[in-house]
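Biologist: I would like to take a close look at one part of this protein, with enough of the surroundings to place that part in the whole. Please go through it slowly and in connected prose.

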Amino acid sequence: MTVSPSPEQSPLGQRSAYIDQYDPTLLFPLPRQAKRDEIGLQADKLPFFGADLWTAYEVSWLNLRGKPQVALVSFTIPCETPNIVESKSFKLYLNSFNNSRFGSVDEVRAKLLADISEAVWRGAPYQASVGVQMIDPEVFDTLPLQELDGLNLDRLDIDCEHYQPQPQLLRAAFDEAPVTETLSSRLLKSNCLVTGQPDWGSVRISYTGPAIDQERLLQYIVSFRNHNEFHEQCVERMFVDIWKHCKPIRLTVYARYTRRGGLDINPLRTSQPMALPANIRTARQ
């Protein structure tokens, strides 16, 4: 019997040696399903599509003459993968490129593509790929800086007293005509599942269906403030709670978290197939 790795077994929260020679074994996959079980999701009956959009800001390697090279890298990891990659192990893996020589940026991309794909699809009955985009320094100054769109919920003057997820706060006007709207907030905060360190983020909720009570929705978002869970798991919990309690016809939940260790993680979950948003950067990222 194979025992799935747990977050406590990962490098997160432990002292780690700095390895600067390429080493794909540093990647530490964590199964998604254990946390999905908590919110009643079956692996073969997910109520959403989507992906986790990662941005790596600290990527460097040596060319064949030993000269350092730098790039930003965007990763797109489908939500159907059986695993996520624990973020500290991801950082340690990227650090292992620092003093390794590669003949071209394409060679670096090929390594990233193969290694991340193997880790997140490990144990699946089939193997697929992830998205990897190398962003050259020559275009750094063209990258957009913008906030999530939508009506700003933070304008509301509300009382907040819950700091663990409270789905019972959610309300919708089931006796009125459906609406289509996009709502956003910068008040999302949760904590790392292992270390308890704060994770700050913004969230955008787009839906068609019974009008959601905006004050209660903001109280619900704030209720994640002391909740310990990884970014991907928080967004899936939000999606399931809103889907269950507000019964929208369509729903998309998209969060952008501030970076830690040179990485940001930005999960998107949606009830209908859609093009993924551009991997923008918010002011706090």
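To what number does the count of aromatic pairs come? And, as the part to look at closely, which residues does Asp199 touch, not counting residues up to four places away in sequence?

Modeller: This is a predicted model, and in it the count comes to 10 aromatic pairs. Among the residues concerned, Tyr22, Tyr93, Phe97 and Phe102 are linked by ring pairs into a cluster. Two rings also have a charged side chain over the face: Arg259 lies over Tyr57, at 3.6 Å from the ring centre, and Lys189 lies over Trp200, at 5.8 Å from the ring centre.

Before turning to Asp199, it helps to have the whole chain in view. Its secondary structure comes to five helices and 12 strands, and the C-alpha trace spans about 70 × 50 × 35 Å along its principal axes. For 285 residues, a compact globule would have a radius of gyration near 19 Å, and the 20 Å of the chain agrees with this. Of the 285 residues, 50% count as buried, while the accessible surface comes to about 13,700 Å², with 51% of it belonging to carbon and sulfur atoms. Among contacts with a separation of 6 or more, 74% are made by residues 24 or more positions apart.

Asp199 itself lies in strand β9, which covers residues 198-209. Its relative accessibility is 4%, and it counts as buried because the limit for that class is under 20%. Leaving out residues up to four places away in sequence, Asp199 touches Leu188, Lys189, Ser190, Asn191, Cys192, His231, Tyr257 and Arg260. One of these, Lys189, is the residue that lies over the face of Trp200. With Tyr257, which is 58 residues away along the chain, the separation between C-alpha atoms is 6.9 Å.

The polar contacts of the Asp199 side chain can be described one by one. With the side chain of Arg260 there is a polar contact at 2.8 Å, and a polar atom of the Asp199 side chain also lies 3.4 Å from the backbone nitrogen of Cys192.

Asn191, another residue that Asp199 touches, is found in strand β8, residues 179-191. Asn191 has a relative accessible area of 9% and is buried. Apart from residues up to four places away in sequence, it touches Gly196, Gln197, Pro198, Asp199, Arg225, Asn226, His227, Asn228 and Glu229. With Asn228 there is a polar contact between the two side chains, at 3.4 Å.

Glu229, which Asn191 touches, is also in contact with Glu38. Glu38 has its place in helix α1, residues 33-38, and, leaving aside neighbours within four places in sequence, its contacts are Glu229 and Arg237. The side chains of Glu38 and Arg237 are joined by a polar contact of 3.2 Å. Glu38 and Phe224, on the other hand, are 186 residues apart in sequence and 16 Å apart in space, taken from C-alpha to C-alpha.

Strands β8 and β9 also bear on helix α4, residues 214-222, whose buried residues are Gln214, Leu217, Leu218, Tyr220, Ile221 and Val222. The cover over these residues includes β6 (151-152), β8, β9, β10 (211-212) and α5 (231-246). At the N-terminal end of α4, Asp213 acts as a cap, with a side-chain oxygen 3.1 Å from the backbone nitrogen of Glu215.

Helix α2 can be read in a similar way. This helix, residues 87-95, is mostly covered, with seven of its nine residues buried, namely Ser89, Phe90, Lys91, Leu92, Tyr93, Leu94 and Asn95. Tyr93 is also one of the residues in the aromatic cluster. The buried residues of α2 pack against β2 (49-62), β3 (68-78), β4 (83-85), α3 (105-121) and β12. The N-terminal end of α2 is capped by Glu86, which has a side-chain oxygen 2.7 Å from the backbone nitrogen of Lys88.

A last residue to add is Thr282, in the segment after β12 (263-270). Thr282 counts as buried at 3% relative accessibility, and it touches Leu145, Gln146, Glu147 and Arg256, not counting residues up to four places away in sequence.

Conventions:
Residues are numbered from 1 along each chain as its sequence is written. This is a predicted model: local features need pLDDT of at least 70, side-chain atom pairs count only at pLDDT 80 or more; totals for chains, interfaces and linings use all residues. Side-chain values use heavy atoms; hydrogens and water are left out. Rings of Phe, Tyr and Trp (its six-membered ring) pair if their centres lie within 6.5 Å; planes under 30 degrees apart count as stacked, over 60 as edge-to-face and the rest as tilted. A charge sits over a ring if NZ of Lys or CZ of Arg is within 6 Å of the ring centre and within 35 degrees of the ring normal. Helices (H or I, at least four residues) and strands (E, at least two) are DSSP runs, numbered from the N terminus. Buried means under 20% relative accessible area, exposed over 50%, partly exposed in between (1.4 Å probe, protein chains only). A polar contact is a pair of N or O atoms within 3.5 Å; within protein, one must be able to donate a hydrogen and the other to accept it, and residues adjacent in sequence count only if both atoms are side-chain atoms. Contact means heavy atoms within 4.5 Å. The radius of gyration is taken over C-alpha atoms; the globule rule is 2.2 Å times the number of residues to the power 0.38. Accessible areas come from the Shrake-Rupley method with a 1.4 Å probe; for residues, only the protein chains shown count as cover.
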